[in-house]
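Visitor: I would like to see how the labels on this model are earned. Can you take me through the reasoning?

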Amino acid sequence: MGISYFNSLTRQVEPFVPLDPAGKTVSIYTCGPTVYNYAHIGNFRAYVFEDLLQRHLEFRGYTVDRVMNLTDVDDKTIRGCHAAGLPLAEFTQPFKDAFFQDLEALRIKPADHFPAATEAVHIARMIEMIATLIERGHAYQADDGSVYFRINSFPAYGRLAHLNLDELRPSGRVNSDEYEKENIADFALWKAWSEADGDVVWESPWGRGRPGWHIECSAMATGILGPQIDIHCGGEDNIFPHHEAEIAQSECVTGHSFVKLWMHCKHLLVENQKMSKSAGNFYTLRDLLGKGHTGREVRYALLSVKYREPLNFTFEGLDAARSALARFDEWSRRLQDAAGPAAEPLPEDLKTEAFGAALDDDLNASAALGALFELIRETNKRLDAGTLTPGQARSLLAWRDEVNSILRFESEAVAIPAEVEALLARRAEARASKDWAGSDRLRDEIAALGWTVKDTKEGQKLSKI
Ligand code: AMP
Ligand code: ZN
């Protein structure tokens with residue numbers, strides 16, 4: 001059985017087929033943080049879901065090429081830098097740094113590219129794309145000096161969000177002081193400079209100003225990954241207008257269908273409520289670490305509910321994550337103690353495939369964790385009864401490492417890399433056959449990876465250099 005994911009565009013679970021004719025590489029674009037503040041745990045639900053997606057594809061043998069942008073110019077960042085009395089770049093830098101630290105704490109694999117909207121190469125592409133849109137009649141400069149996308153020129157507008165286009169496209173010009181636009185739903189590609197922008201400004205063929213948020217993502221996505229992308233993700237609030245606008249802009253410039261598969265995660269709620277500063281239930285990762293929770297526990301809590309189900313974040317949930325991870329650690333320790341040097345095939349009734357199969361089924365993480373803990377329960381029973389062989393324990397450790405390449409649940413203290421474990425097993429074999437030269441060579445290889453191995457009566461003991 002292959003992989004299937006839910007496509008927000010067709011509203012169906014579809015078999016996953018990459019655009020790459022060789023069927024190997026998958027491109028992913030994910031809307032990254034707006035760096036005007038620390039990212040909150042709702043944002044991190046989206047990033048952890050995207051991490052799970054990437055790692056699942058890699059587990060199934062694909063090579064992922066991933067872009068996550070940093071929105072470092074928009075209304076919020078501009079407001080923030082003026083309030084702080086700092087130049088824009090100086091204001092956003094600490095939030096960019098904090099974001100990367102948070103990604104690491106949550107064990108989220110860094111994207112291959114982290115473009116920032118204000119980089120000259122991306123601003124140049126935004127301007128180029130807007131010029132093409134104007135040339136082709138998809139955009140116009142209004143009396144207020146700003147450039148807008150003409151949604152009436154793109155019949156597919158509204159398809160991703162499944163919106164009624166007639167409601168979106170009232171005929172005739174809207175007569176309102178507030179709107180200089182032909183249509184109330186036309187969105188800004190280039191915003192003419194206003195006093196509130198201060199020194200945040202770029203030159204363009206349409207005068208001084210700055211890009212709109214939507215064109216930033218279209219420019220970075222198509223500029224780095226090309227006109228067609230396999231998967232584009234974000235939280236569900238990104239669907240409209242942001243992703244709808246990205247489709248319109250990109251397709252009108254490139255002439256290609258922009259994205260094959262749209263994936264969105266449902267929002268995170270805190271104690272069943274929308275997270276907001278005023279409700280006092282607004283948390284950043286730092287808040288939770290400050291309360292004594294670990295990045296690994298938060299990762300577990302964010303992963304444990306399938307991305308298309310709403311996630312109700314609670315402190316009981318974090319406590320449950322802590323006990324589940326303690327069980328996982330204890331199981332790993334027991335397997336390590338029981339394992340012999342050589343792996344043996346596992347008996348059929350230890351169902352290791354159920355984990356991957358659950359993820360293949362539209363990233364059903366809760367079912368995958370169910371399968372993992374069922375296997376833990378079953379092997380613990382056999383360890384208690386002394387019926388798990390040392391070879392089976394070794395195979396289960398190898399399987400745990402595969403599972404961990406997706407979940408990244410290893411404990412902070414003793415995460416022994418799979419490579420070191422493999423060398424250790426080979427060294428035990430060498431010693432059993434009295435190949436002392438081989439044993440010494442393997443000890444050096446292990447040392448080169450940052451670990452020392454000592455030979456004791458109980459066998460080899462490993463410690464970090
Ligand atoms: P922003 O920094 O607001 O542009 O959001 C960054 C990402 O976090 C986007 O993909 C949003 O859709 C996502 N996001 C924002 N709030 C939540 C939430 N409460 N739950 C899940 N994802 C969210
Ligand atoms: Zn975006």
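Guide: Start with a cut-off: buried means under 20% relative accessible area. The model shown is predicted.

Visitor: Why is cysteine 217 called buried?

Guide: Its relative accessible area is 0%. That is under 20%, so cysteine 217 counts as buried.

Visitor: How do you know whether histidine 242 is buried or exposed?

Guide: Histidine 242 has a relative accessible area of 1%. The limit is 20%, so histidine 242 is buried.

Visitor: What makes a residue a donor of the zinc ion (ligand 2)?

Guide: An N, O or S atom within 2.8 Å of the metal counts as a donor. Cys31 (SG), Cys217 (SG) and His242 (NE2) lie 2.1 to 2.2 Å from the zinc ion, and they are its protein donors. Their spacing in sequence is C-x185-C-x24-H. Cysteine 217 sits in helix H6 (residues 213-225) and histidine 242 in helix H7 (residues 239-254), so this pair ties together parts 25 residues apart in sequence.

Visitor: Why does threonine 132 count as buried?

Guide: Threonine 132 is in helix H4 (residues 120-135). Its relative accessibility is 16%, under the 20% limit, so threonine 132 is buried. A polar atom of its side chain lies 3.0 Å from the backbone oxygen of glutamate 128.

Visitor: Why is H10 called oblique to H13?

Guide: The axes of helix H10 (residues 315-338) and helix H13 (residues 390-407) come within 8 Å and cross at roughly 140°. Roughly antiparallel needs an angle over 145 degrees, and roughly perpendicular runs from 65 to 115. The crossing fits neither class, so H10 is oblique to H13. Residues making the contact include Trp331 and Leu335 of H10 and Leu396 and Trp399 of H13.

Definitions and conventions: Residues numbered from 1 in each chain as written. Chains lettered and ligands numbered in written order. Predicted model: local features only at pLDDT ≥ 70, side-chain atom pairs only at ≥ 80, totals over all residues. Heavy atoms only, no water. Helix = DSSP H or I, 4+ residues; strand = E, 2+ residues; numbered from the N terminus. Buried < 20%, exposed > 50% of the residue type's maximum accessible area, 1.4 Å probe, protein only. Polar contact = N/O pair within 3.5 Å; in protein donor to acceptor, adjacent residues only side chain to side chain. Donors = N, O, S within 2.8 Å, 3.2 Å for Na, K, Ca; no water. Axes fitted to C-alpha atoms, helices over the stretch in contact; angles between N-to-C directions. Parallel < 35°, antiparallel > 145°, perpendicular 65-115°, else oblique. Contact = heavy atoms within 4.5 Å.
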